[in-house]
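Reader: I am new to this structure. Please take one sheet and walk me through it closely.

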Amino acid sequence: MHPREQTIFALSSGRPPSAIAIVRVSGPQARAALATLAGKVPEPRMASRVLLRDAGRQPIDDAVVLWFPGPASATGEDIAEFHVHGGRAVLAALFAALSGFENVRAAEPGEFTRRAFENGKLDLTEAEALDDLIHADTDRQRRQALRQLKGLLGERATDWRARIIEASALIEAGIDFSDEGDIPAELIAPALARIKSLRDEIEEVLAAQGRSERLREGLVVAISGPPNVGKSTLINQLARREVAIVSPHAGTTRDVIEVQLDLDGYPVTVIDTAGIRETADPVEQEGVRRARRRAAEADLVLWMIDAEHEERGPAGDAPVWVVRNKIDLDAVSGVSLRRPAGAAGGTGFEISAGRGDGVAELIAALVAFARDYFGSGEDSLIGRERQRKLLLQTVHSLQCSIAVMGSGEELAAEELRAVAHSLGRLLGRVDVEDVLDVIFREFCVGK
């Protein structure tokens, strides 16, 4: 039997032990399993309290069961749910009983959602949004995933694809009737108008989204600079806990330390790197090499200096903010305070990482940077890089179809077929087998 024709089961709630655990069963044997274990099949979508018994009629648990006959279910198949007490022994007994049925097996990661996709219950953009919602760590990630789960991008893409097919039909008709005087011109003109309108609409969506798909991974901020300027102290301040060793001796930080932060709902990964300096210590040399590499890969670099270290920040594509630390010590020693100049047109800050002076202003600036970097996100449609690339391909093919329209309608029709194909891949309707396994294996078991 093909794996898709088998019945699957999995724990769909949190890991045990827990007060209540939900075990979901989906597939053609779901009804038989429910009838055998519960002794009856309740009314659809009506909870019923029963005593579950295994094949030997031994009691498993006092439980609540529900029945969702397909296709009116989450997966489009027959689904049974067992709400049992969340102890490990109870779940082990229930899993053993379910495994005893023919063609019933434990589900693989994401298999429930994949069956929902294959049965037309959701398109690929909605499946991706569901995965993003499960893994959301911040409120903004949750809100973006929830908007996309409503099918906003899928609905727009479906509409775009229908309009492209209509424009293609006009062009194809123009080709078929090319020998009948002015009929082709009457067909090509409205087709061209639709193509241009669609191109402008998708370009507007791409331009308005900022880097919304990066909200999944978050912003990467690297704290870099010479040794002993307070980089570890600053990351402890940002994390509000001691995550890095603070020492007056240079070279204490040898490896890269990462901290995940939630700054006003924006996910931010802050990296504490080894002090940048020339050294004969091979271990510290490796730390410096890693520090330079991570700073080059970051979205923003905080280059820290103090009164004794005024080196300029690194050159690279990422913006560099110069952060002058230890202003409390400067004031005591009589060093004149001055606003540090930002590197390469960046921004400058004065702080005392030890006392916390200026840290709130720095955090506020980071939040503003994240807001500009990701875009507002309040109406974001794009949630993944895959989606952005396919929309960019769509715009490119639309532009090509416009460019070749005067040279031959056959070439324009071919470009429009490429547009329909790209939008079909976006929705998961054509030629997506190469990405399905990658997407669904990221899901947890039971989803």
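Author: What follows looks at one sheet, then at the chain around it. The model is a predicted one.

The sheet is open and has six strands. Read across, their order is β3-β4-β5-β2-β1-β6. The pairing is mixed. In general, strands of a sheet pair through backbone hydrogen bonds, and they do so either parallel or antiparallel.

Now the edges. These are β3, residues 48-53, and β6, residues 104-106. Each of these edge strands pairs on one side only. Neighbouring strands of the sheet are also turned against each other, by 30 degrees on average with direction ignored.

Next, one pair inside that order. Strand β4 covers residues 59-68, and strand β5 covers residues 79-86. The two pair in the antiparallel sense. Five bridges join them. Where does Val64 find its bridge partner in β5? The partner is His83.

A helix belongs in this picture too. Helix α3, residues 111-118, lies across β1, β2 and β6. Here β1 is 7-11 and β2 is 18-26. The helix runs at about 135 degrees to β1.

Last, the setting. The protein chain has 447 residues, and 50% of them are buried. It contains 14 helices and twelve strands. Take the contacts in the chain with a separation of 6 or more: residues 24 or more positions apart account for 63% of them. The chain exposes about 21,200 Å². Carbon and sulfur atoms supply 52% of that area.

Technical notes: Residues are numbered from 1 along each chain as its sequence is written. This is a predicted model: local features need pLDDT of at least 70, side-chain atom pairs count only at pLDDT 80 or more; totals for chains, interfaces and linings use all residues. Side-chain values use heavy atoms; hydrogens and water are left out. Two strands pair if DSSP finds at least two bridges between them. Helices (H or I, at least four residues) and strands (E, at least two) are DSSP runs, numbered from the N terminus. Axes are lines fitted to C-alpha atoms, for helices over the stretch in contact, and angles run from 0 to 180 degrees between N-to-C directions. Contact means heavy atoms within 4.5 Å. Buried means under 20% relative accessible area, exposed over 50%, partly exposed in between (1.4 Å probe, protein chains only). Accessible areas come from the Shrake-Rupley method with a 1.4 Å probe; for residues, only the protein chains shown count as cover.
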